[in-house]
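Colleague: Hey, got a minute to walk me through this one? I have the viewer open and no idea where to start.

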Amino acid sequence: MSDISYSAPHSTPHAAPVTPGPQRTTLAFTLPSGRRRTAPARLGRESRRDPLLPQRARNALLDDEGQQCVQVRLTAADAANPAARALLDVEAGTALRLHRILDSTAYAPLFPRVIGHDLDSAEPFLLYEAPRGTAAALTHVMGAADQRILARDLLLALCLLAGQGLVPRDITPASVRWDGTSLQLWGLEGIARAGRPRTPWGRAPYCSPEQRRGEGLVDSRDAVWSAAQVLYQLATGRPGATDRAPADLDQHRMLAETLRGAFAPLAVDRPTPDRLLDLLAPDAARRIKLTVPADDTRPHREAFAQALRLKAQDRDASEALRQEPVPGTENENENETETETENAAGDAGAVLCPYCLETIRLDLSALFVTDSRMQYQPLDLAAIGNPLRRRDVMRGAVQKCAADPGFPEHFIPVPYLMYGRPLTVAMVGQSSTGKSHLLTQMIAEITDGGLEPYGLTWQSVNPEQHARFVRDRVQPLRSGRVLDHTGGLGLDGFARFVESLLITDARGRVRPVAFFDLGGEDLVRTDAALRFLLGVDALVFVVDPALALPLPELDRARERWGLDVNRDGDLAFGTVLDRLPKNGPYLDVAAAVVLAKADLLRFRPPVDRWLSEPPPPAGALDPALLREESQDVYGLLRHHAGQAWLRPFDAIRRCTLHVASATGGQEDGGRYPAGARPRRVLEPLLSLLAMRGVIEVHGGAESFAMEPDPEPGPAIEALPTTGAGGGFGGSAEGKTR
């Protein structure tokens, strides 16, 4: 759930019967089941639920079934604000989650019942069943018997939310509704996740002192304070104190007996919702746990842990085998090591050409620059006497690679040859998966300083190539335009990288990083196009949820894109994995599997959690958190897509799994209505950089993302490596291929 910095009390629509207004329209929306529904509708007069919040509400009547409801929506102007959309997404995500777990239980009436939603349109909206009762704010003083029932229902609601890791920050007399026999709690736009940093929300006295100041972490006991304040006002007819227990608490028996500790200024000193509920209704908290559906992810978590154990065992066995000397070969091993050292010294300055895969060195007599017609012309460095200008010209120059005369003509940017062994990253997936959008947003995040918290800075390898990438891809996508399909193959049929950067650590060590982005049809069309894979260091496998997951909420996307669910996995995945060199049961290339277009699933667990996960603290990578995300994505794919979509994880020793959305929403007519809003696009690359030793983590690159049973502890500080030579060190990078 997102934390949006609005500070206001909240009100809910009145429960009066629908009075159809003059506006007649047709509403198309998605049901909680994921199916689509279209219905003629009559819409009533519109008003803001609160003057400080963007949502508007109006009564509605769905004429096909005569169904009375309430529409909560954003105008096109408000929807252009990402924070307003995020607020409506929080409300929708909470309503849908509660519907999923409670709809068939006796607890469902405690919350608004969602009918449907359309959240990717220019004017997004939610539809609810008409609310029950009236706002408690309209009740001056409530009788003791009703107080006890309302308190029980309110604490039931808090316990149900706490069981999902959710905390309501909007409990006020306006959001609590009462129909004379039971409660209904609104204000779902104010939900926050327990354990996230608090942000200021609400007004005194209903928000706790810590919540009002935005201090510390969200706690279920924040809502206990709010509930106690509402109950005090209903008992006395006046608001309570803003930072302590009311002075006259002892005069109100029910409050004094059950809620005395609820008014503590600090959350840590308050009772939890389930403890208070047991005072009012013994055993009710236990019955909730029995009613809510059991966790069905355990088999998938166990399968994930077993896969990690097998990888760790194979790693340990391989290390033991390398360290154990074979009798009678000790001298041979010493000579071998000396020879490897000599060869490494002799190859100083040599790198692997990312195209022909032959060794190449910087040759100042084979440099070229492009002219005004984008044609290569020889560069005579001897004619440039000024050292500063000479260095600047070399940054934009390329070298013709002649290492393999039989390979088509190709050129390498000069900076790519000057800073030690390059790191190559390839995007893998069918053409519809969104990998070009994902890569574009990765590069955009890097250029915005996304690597700086990890001690890394960047510079373009070739300024002209980078400017073209920004002009043709970054700027159009950021302005809300849909990018064209990938064209990563040249006319000669071999792959070219689409962007390359120089990554520098805080101590000045530099390493080129090049990105390949081929269309899915190119990856399966010709073996020649795959030759570059033999030299690739890292892979990003991009999963299209519409292809992989047979979930009803993806049916509309499949229909729009002309896709069908493929239970056999992405053909490009298998083609690439079969082409990579293998030594032992696992491939040694680093990899990340990314469930892309995750905005399509932003209301389904576990995607809802990870899309809203805040970035890690500056300079810290948390392997435990990364492993938890990998486990969740593994479980989602294993449960709904099948093992074929997990083949990269099963085949590659070091492989993490992620959720990401390059655009934050779906396109409409070649544009994104709310603009492109990337979410978690850099995390897969951070994982790859850690696995390849570019970002150093304690425990080493070899063990990163592969330990099955981590010891609990703090986040691991990400440090630049201290390897020798012109490149980066790290156990995964010790030898030159």
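Modeller: Sure, we can go from the whole chain down to single strands and residues.

Modeller: One thing up front: this is a predicted model.

Colleague: Okay. How many helices and strands does the chain have?

Modeller: The secondary structure comes to 21 helices and 28 strands. The chain has 737 residues, and 56% of them count as buried.

Colleague: And what about contacts, what share joins residues at least 24 apart?

Modeller: If you take contacts between residues at least 6 apart in sequence, 71% join residues at least 24 apart.

Colleague: Let's go inside. How many residues are in the largest nonpolar core?

Modeller: That core has 71 residues, and Phe 111, Val 176, Leu 185 and Leu 277 have the most contacts inside it. Helix H3, residues 144–163, gives the most to this core, with 10 residues. There's also a second, separate core of 67 residues, which includes Phe 304, Phe 532, Val 536 and Leu 563.

Colleague: Back to Val 176 for a sec. What does Val 176 touch?

Modeller: Leaving out residues up to four places away in sequence, the list includes Thr 134, Ala 135, Leu 150, Leu 154, Ile 171, Leu 185 and Val 230.

Colleague: Is there a sheet around there? Which strands are in the open one?

Modeller: The open sheet has 3 strands in the order S7-S9-S10, with antiparallel pairing. Strand S7 (134–135) and strand S10 (183–185) are at the edges with a single partner strand each, so one side of each has no neighbour in the sheet.

Colleague: How many bridges join S7 to S9?

Modeller: There are 2 bridges between S7 and strand S9, which covers residues 176–178. In S9, Arg 177 is the residue opposite Ala 135.

Colleague: What holds strands together in general, anyway?

Modeller: Strands of a sheet pair through backbone hydrogen bonds, and they can be parallel or antiparallel.

Colleague: Got a parallel example? Which strands pair with S23 that way?

Modeller: Strand S22 (residues 538–543) runs parallel to S23, with 6 bridges joining them. S23 also pairs in the parallel sense with strand S25 (residues 655–659), over 5 bridges.

Colleague: Can I follow that across residue by residue? What is the bridge partner of Val 543 in S23?

Modeller: In S23, Val 543 has Leu 595 as its bridge partner. Go on into S25 and the bridge partner of Leu 595 is Val 659.

Colleague: Is S23 mostly covered or open?

Modeller: Mostly covered: S23 spans residues 590–595, and 6 of its 6 residues are buried. In a regular strand the side chains alternate between the two faces of the sheet. In S23 both faces are covered, with Ala 590, Ala 592 and Val 594 buried on one side and Ala 591, Val 593 and Leu 595 buried on the other.

Colleague: New topic: holes. How many cavities of 30 Å³ or more are there?

Modeller: The count comes to 10 cavities. About 230 Å³ of space lies in the largest cavity. The largest cavity is lined by 17 residues, and Pro 616, Leu 621, Asp 622, Leu 626 and Glu 683 lie nearest its centre. Strand S24 (620–621), helix H19 (623–640) and helix H21 (683–691) each give two or more residues to that lining.

Colleague: What kinds of residues line the largest cavity?

Modeller: The lining divides into 10 nonpolar, 2 polar and 5 charged residues.

Colleague: And how much space lies in the largest pocket?

Modeller: About 1,500 Å³. The largest pocket is lined by 50 residues, and the closest to its centre are Arg 97, Gly 163, Gln 164, Asp 295 and Pro 605. H19 gives the most to this lining, with 8 residues. By class, the pocket lining has 22 nonpolar, 12 polar and 16 charged residues.

Colleague: Last one. I clicked on Gln 233; which helix does Gln 233 lie in?

Modeller: Gln 233 lies in helix H5, residues 220–236.

Colleague: Why does Gln 233 count as buried or exposed?

Modeller: Gln 233 is buried because its relative accessible area is 18%, and buried means under 20%. Apart from neighbours within four places in sequence, Gln 233 is in contact with His 140, Pro 173, Tyr 206, Arg 238 and Pro 239.

Colleague: Cool, I'll go and click through those. Thanks!

Key. Residues numbered from 1 in each chain as written. Predicted model: local features only at pLDDT ≥ 70, side-chain atom pairs only at ≥ 80, totals over all residues. Heavy atoms only, no water. Core = buried A, V, L, I, M, F, W, Y, C linked by side-chain atoms within 4.5 Å. Buried < 20%, exposed > 50% of the residue type's maximum accessible area, 1.4 Å probe, protein only. Helix = DSSP H or I, 4+ residues; strand = E, 2+ residues; numbered from the N terminus. Contact = heavy atoms within 4.5 Å. 1 Å grid on protein atoms, 1.4 Å probe; cavity = no way out; pocket = protein on both sides within 12 Å on 5 of 7 lines; lining within 4 Å. Points joined across faces, edges and corners; volume = space filled by probe spheres on them. Nonpolar A, V, L, I, M, F, W, Y, C, P; charged D, E, K, R; others polar. Pairing = 2+ DSSP bridges.
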